[in-house]
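Here are some short exercises to try with the model open beside you. Have a go at each one before you read its solution.

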Amino acid sequence: MDIWLKKLLWPGHWIKAARSSAKKNRSRSQADPQLLLYDRILQTDFLHYGYFDDPDIAADEISLADIKKAQRRYAELIIAQMTAPPETEVLDVGCGMGGLLSMIAKKGYRVTGLTPDRNQIDYIREKYKEIPLIHARFQDISPEEHKDKYGTVIFSESLQYIDLPTAMCYTDKILSKRGELIIVDYFRLDEAHEQSGHIWQEFMAETEKRGFVIRYKQDITANIRPTLAFAHHFCTNIGLPLYEFIKLKLDHKHPGKYYFIRELFEKWDKKIDSNIKTIDPECFCRQKRYYLLKLTREA
Ligand SMILES: C[S@@+](CC[C@H](N)C(=O)[O-])C[C@H]1O[C@@H](n2cnc3c(N)ncnc32)[C@H](O)[C@@H]1O
């Protein structure tokens with residue numbers, strides 16, 4: 001009998017399957033498969049969109065090497081905003097694979113990385129042994145324990161993952177009086193079709209409430225757009241045809257099994273369609289703005 005059918009008919013496997021689906025409840029932030037995929041493709045120790053000096057570069061002319069260069073450039077732009085003296089304590093919230101941590105440490109700053117993702121923690125511990133890490137979600141740290149500790153707090157494409165009032169309240173507590181807050185992320189202009197990114201007006205209200213003032217603001221939407229265009233081009237021209245090929249091949253080679261899982265594919269079709277919309281550069285630029293921001297408290 002086919003191993004697949006045996007599994008389906010044996011009750012022991014039903015218990016194992018139920019236990020496996022319980023894992024689904026584990027929070028995505030503890031081991032984000034999407035971020036792991038990006039890291040495996042790019043291998044740059046960065047998980048952000050990057051910054052293209054030439055925003056007009058065509059999607060089909062972009063190479064992985066260009067994306068890697070753009071990611072490094074993005075990190076350099078963050079560091080260029082850091083005016084605190086070396087030896088300052090810096091916290092990189094949502095530090096990803098540690099690329100920025102390493103660059104900041106080389107400048108002489110005492111930098112700590114924070115991430116809830118255990119894959120990222122294991123990776124940084126192995127590669128950047130000297131860098132202290134906090135393995136937690138930002139909203140789960142004790143702000144009292146870190147009170148006024150950091151001269152610079154950075155959110156590099158990570159603010160969007162954290163509840164906004166909590167993020168600003170905790171930052172207000174852990175950042176020293178004259179400290180600087182650097183945020184690089186995208187914001188929704190209003191209720192966009194796609195829910196990622198905080199709403200700009202709400203962000204502005206929260207910063208004002210905490211006494212923060214924007215000292216530097218650069219709209220880098222056009223400069224991150226090539227990465228989206230590249231991803232969109234790749235997904236529609238390579239990813240989707242490959243996915244359709246796998247479905248056809250499965251239906252052709254194993255029509256019986258395909259019959260049982262057809263609904264699953266239909267569900268994925270919808271998910272893929274929605275994900276492709278998310279990285280559609282036209283859609284993104286209509287609904288969102290990607291900013292590099294530096295804030296300090298009112299003098
Ligand atoms: C798009 S990645 C950016 C990573 C890195 N800052 C960079 O620029 O390469 C988002 C990061 O935020 C982290 N993250 C997700 N939820 C978080 C939370 N609640 N608190 C802190 N970090 C979080 C992710 O694990 C990841 O490290």
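**Exercise 1.** Find the handedness of the crossing of α4 and α5, and then describe how these helices pack.

*Solution.* Step one is the handedness: in this predicted model, α4 and α5 cross in a right-handed way. Step two is to list who touches whom: α4 brings A75, I78 and I79 to the contact, and α5 brings G99, L100, M103 and I104. Step three is to sort these residues by class, which gives six nonpolar, one polar and no charged. Step four is the geometry: α4, residues 64-80, packs against α5 at an angle of about 45°, and the axes are 10 Å apart. Angles of 65 to 115 degrees would count as roughly perpendicular and those under 35 degrees as roughly parallel, so α4 is oblique to α5.

**Exercise 2.** Work out how helices α9 and α10 are oriented relative to each other.

*Solution.* Begin with what you need for any such pair: two packed helices are described by the angle between their axes and the distance between the axes. For α9 (residues 221-253) and α10 (residues 255-278), the axes come within 10 Å and cross at roughly 170°. Angles over 145 degrees count as roughly antiparallel, and therefore α9 and α10 are roughly antiparallel to each other. Now look at the contact itself: among its residues are H232, Y243 and D251 of α9, together with P255, F265 and I276 of α10. By class, the contact of α9 with α10 has eight nonpolar, two polar and two charged residues.

**Exercise 3.** Decide whether F284 is buried or exposed.

*Solution.* First locate the residue: F284 sits in helix α11, which covers residues 281-287. Next, count its neighbours: 24 other C-beta atoms lie within 10 Å. The cut-off for buried is 20 or more, so F284 is buried. You can also check a partner from elsewhere in the chain: T221 is 63 residues away from F284 along the chain, yet their C-alpha atoms are separated by 8.9 Å.

**Exercise 4.** Describe the residues around the ligand.

*Solution.* Start with the count: 25 residues surround the ligand, and G94, G96, R137, S158 and Y161 come nearest. Then ask which elements give two or more residues to this shell: they are α5 (99-106) and β2 (110-115). Finally, sort the shell by class to get 11 nonpolar, 10 polar and four charged residues.

**Exercise 5.** Sum up the chain as a whole.

*Solution.* Count the elements, and you reach 11 helices and eight strands. Then turn to burial: 31% of the 299 residues count as buried. Last, take the extent: the C-alpha trace spans about 75 × 45 × 35 Å along its principal axes.

Definitions and conventions
Residues numbered from 1 in each chain as written. Predicted model: local features only at pLDDT ≥ 70, side-chain atom pairs only at ≥ 80, totals over all residues. Near = placed C-beta within 6 Å. Helix = DSSP H or I, 4+ residues; strand = E, 2+ residues; numbered from the N terminus. Nonpolar A, V, L, I, M, F, W, Y, C, P; charged D, E, K, R; others polar. Axes fitted to C-alpha atoms, helices over the stretch in contact; angles between N-to-C directions. Left-handed = near helix turned anticlockwise from the far one by under 90°. Contact = placed C-beta atoms within 7 Å. Buried ≥ 20, exposed ≤ 12 C-beta atoms within 10 Å, placed from the backbone.
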